[in-house]
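Work through these exercises with the model open beside you. Try each task before reading its solution.

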Amino acid sequence: MDIKSKSYSHFIITKVVVFILVVLCFTGAIKKFVEIEVLNGGDFGIVFEDNYFLSEAYVRESENIIGDLTRLIGEYKNKEHILSGGTISEDELRNEEENLYSDYMSNSRSYNPELGEGANYEKFKEEYADKISQARDTLIKNDLREYHSLLQNLEEYKEPLYYISDGVNVYANSSKIEKDQLKTYPAYMIFEEYKSEIFPKEVKDNKNLYRITESINGLDPENKVVYVAFTEEFINHKIKEWNENKAKVTTSFYTLAGFLIGLILSFLYLVLIAGRRSFKDQGVYLNAIDRLYNDVNVVLCIGLIALWIALVEGVFDQIDKLIIPITIPIAAAGLMLVLSLVKHFKNKTFIKHTLIYRMLYKLFKFVGDVYNSGSVGVKTVLLVIGYPILVALTFFMFPVTLGVAAWFALKKIKTFNTIKEGVERVKDGDIHHSINVNGTGEFAGLAADINSITDGLKKAVNNELKSERMKTELITNVSHDIRTPLTSIITYVDLLKREKDPSKVEEYIEVLDQKSKRLKILTDDLFEAAKASSGNIPIHLEQIDIISLITQGLGEVNDKIEALDLDFKLNYPKNKVYIMADGKLLWRSIENLLSNIFKYTIKQSRVYIDIEDLGNEVLLTFKNISAYELNISADELMERFKRGDESRLSQGSGLGLSIAKSLIDIQRGKFSIQIDGDLFKAMISLPKYKNLNE
């Protein structure tokens, strides 16, 4: 491919470089996040803290010790208080008694369900007195153990200095217990009864200070005294430690931000060019990885995340060294899967290219095919079996499933009623009524069949009406055409009886000869038309050279052609064309068409005869210009006793085209006519002769 014809942005090398950049940025971001979150305590907020006294670290130094002190002085007070049961609440004792009472009801023979609850409880207290006492002693021992654990924790605190008292009990880790003595230190917190003093004052703006004050507020304010002080050496050490940690976390934070920006930009670039070969591309190009179903792809992505977490937890002690080799391959594999999802999203196949969709699609298609191709019994069985399964699978939304089933049943009932009403109307004689049922189900097919029956009935009625009309016209036309020459014959016979002049007698005989011949022609045509339409004419199909037949036939009627000065144009293939037909009947049909041409075409005009080989059949076409205005349709012209001149001035019987059509039909051919203005075109289509030895 020419370099100029493709943008550098979509080169495979560009995609590979950006892909590697995404993986490296992601890995770097993960590494820095782990350094901040795991190795440095996860103190992201230190980046935005102005100084140590406004930091979470400063509050954390006091929070643990003040929490232990307030719990010690507020809950346990001293050893004697614990041994006397002062730390045991009524709720704790009640819970222990209820547990023992449950054991009493299950295991003691003294329990009598017929007695009242009060009587049974009194018996329980008498019988389980020792166990109740033991449970109380156990609670005291647990509190005493917790009390000594708190004292041990407080003894480990050398810094900061503390002093707490409730007026009776005092706990301190320094001999300096006076408020003025503690105020000499560079930082302190003093909570005395309802007052509090905090130095330096900027500590009051610390957003985490509430974590200390909440513990202090839980004490009795009347005799409450809590002092916490920080020595200069301790404070300077913590400030130095905080500054070093802030510098380290800040560097890691901005590095993390840089990796994230690079990750976002490079990833968006990959998303933009994924599946495209240029920015103008509208199609999406998929590769082997994209054949993976999208839901399987998502499961693999989740599996990669789980694998990464498991590997990180397995090497947690060496996470700073192994985080990169663990992350890079998993990130690369995950990125390829994600980009595959992006391609399918662009290709609008995100849902369709899933294993679940394919399975459901094939299932529904299979059920649909069985339903559509099966009988009513098969469909009924599918519904009876399928609906309970559907209800079982969607039990959590049963009302919806039930509603859908009710709607489906109501729809089918309405369709059935529509068909029933339509059948009633057709039965009552409304044959023009059509049953409109949408869809492709059984009811739609039934409605279509009923409509087909109605259409057939309408067609039969129309044909019957047409037949009756044609019979009437036949009688009228036959009566008219036969009566005319017959009347002339009767008249001239009467004149002949009385005529004495020999010259007149000869004239009358000549007229009688013409009229009798005309009457014979009409009678023969009528008889031939009746035989042709009834199909009683015997036929002998044989191989016929259609070109030779037409050529010889035109030679026989050459006198008429010359008399009318017609120019016949015969067009036919170079090779001989054979058809299967009855030679006599075929020539009779062609002769009728030629006779029609001689009667109605314009003198000194052209007549076209075309012979076309259509493969399985041969098409014979006659075209001429009519001398009369053809103001009737082709269908009407095909009817019996219809003539091209409605004035009936021509000598034809009007049976020529009807006879020709009937004769072609019984030879398994097709006959049709077309009228375009004054252009008359007749077409005969007959089966082509096929030699079985070819």
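The exercises below go from the whole chain to a sheet, a helix, a ring cluster and one serine.

This is a predicted model, in which local features need pLDDT of at least 70 and side-chain atom pairs count only at pLDDT 80 or more, while totals for chains, interfaces and linings use all residues. Residues are numbered from 1 along each chain as its sequence is written, and side-chain values use heavy atoms, with hydrogens and water left out.

**Exercise 1. The whole chain**

Task: State how many helices and strands the protein chain has, and what share of its residues is buried.

Solution. Start with the secondary structure. Helices (H or I, at least four residues) and strands (E, at least two) are DSSP runs, numbered from the N terminus. The protein chain has 21 helices and 12 strands.

Next, burial. Buried means under 20% relative accessible area, exposed over 50%, and partly exposed in between (1.4 Å probe, protein chains only). Of the 694 residues, 35% count as buried.

Finish with contacts, meaning heavy atoms within 4.5 Å. Take those with a separation of 6 or more: 71% of them join residues 24 or more positions apart.

**Exercise 2. The five-stranded sheet**

Task: Find the strand order of the open sheet and say which strands stand at its edges.

Solution. Two strands pair if DSSP finds at least two bridges between them. The order is E7-E9-E10-E12-E11, with mixed pairing. Strand E7 (567-571) and strand E11 (670-676) are the edges: each has a single partner strand, so one side of each has no neighbour in the sheet. From one strand to the next, the twist averages 15°.

Now take the pairs. E7 and strand E9 (residues 606-613) run parallel over five bridges. Phe 568 has Val 607 in E9 as its bridge partner. Lys 569 has Tyr 608 in E9. E9 and E10 are antiparallel, over six bridges. There, Ile 609 has Phe 622 in E10 as its bridge partner. Three residues lie between the strands of this hairpin, and Gly 615 takes a positive phi near 100°.

**Exercise 3. Helices across the sheet**

Task: Which strands does H19 lie across, and does its length agree with or depart from the expected span?

Solution. Angles run from 0 to 180 degrees between N-to-C directions; axes are lines fitted to C-alpha atoms, for helices over the stretch in contact. H19 lies across E7, E9, E10, E11 and strand E12 (679-687), at about 15° to E10. Helix H17 (residues 546-556) lies across E7, E9 and strand E10 (617-625), at about 165° to E9.

Check the length. The expected span of a helix is 1.5 Å times one less than its number of residues. H19 (residues 583-600) has 18 residues, so it should span 26 Å; its end C-alpha atoms are 26 Å apart, which agrees. In H19, 14 of the 18 residues are buried.

Look at its start. A polar contact is a pair of N or O atoms within 3.5 Å; within protein, one must be able to donate a hydrogen and the other to accept it, and residues adjacent in sequence count only if both atoms are side-chain atoms. A side-chain oxygen of Asp 582 comes within 3.1 Å of the backbone nitrogen of Lys 584.

**Exercise 4. Aromatic pairs**

Task: Classify the ring pair of Tyr 104 and Tyr 128.

Solution. Rings of Phe, Tyr and Trp (its six-membered ring) pair if their centres lie within 6.5 Å; planes under 30 degrees apart count as stacked, over 60 as edge-to-face and the rest as tilted. By this rule there are 20 aromatic pairs. Tyr 104 and Tyr 128 are edge-to-face, at 5.7 Å centre to centre and 90° between the planes. The pair links distant parts of the chain: Tyr 104 is in helix H4 (residues 90-107), and Tyr 128 is 24 residues away in the loop between helix H5 (117-127) and helix H6 (129-155). Both Tyr 104 and Tyr 128 are buried.

Compare Tyr 121 and Phe 124, a tilted pair at 5.3 Å and 50°. They are three residues apart in helix H5, so about one helical turn separates them. Tyr 121 is partly exposed at 24%, whereas Phe 124 is buried at 0%. Ring pairs join Tyr 101, Tyr 104, Tyr 111, Tyr 121, Phe 124 and Tyr 128 into a cluster.

**Exercise 5. A serine in a helix**

Task: Find the backbone oxygens that the side chain of Ser 266 reaches.

Solution. Ser 266 lies in helix H9 (residues 232-273). Ser 266 is buried, with 5% relative accessible area. Its side chain reaches the backbone oxygen of Gly 262 at 2.5 Å. A polar atom of that side chain also lies 3.2 Å from the backbone oxygen of Leu 263. Leaving out residues up to four places away in sequence, Ser 266 touches Val 18, Leu 21 and Val 22.
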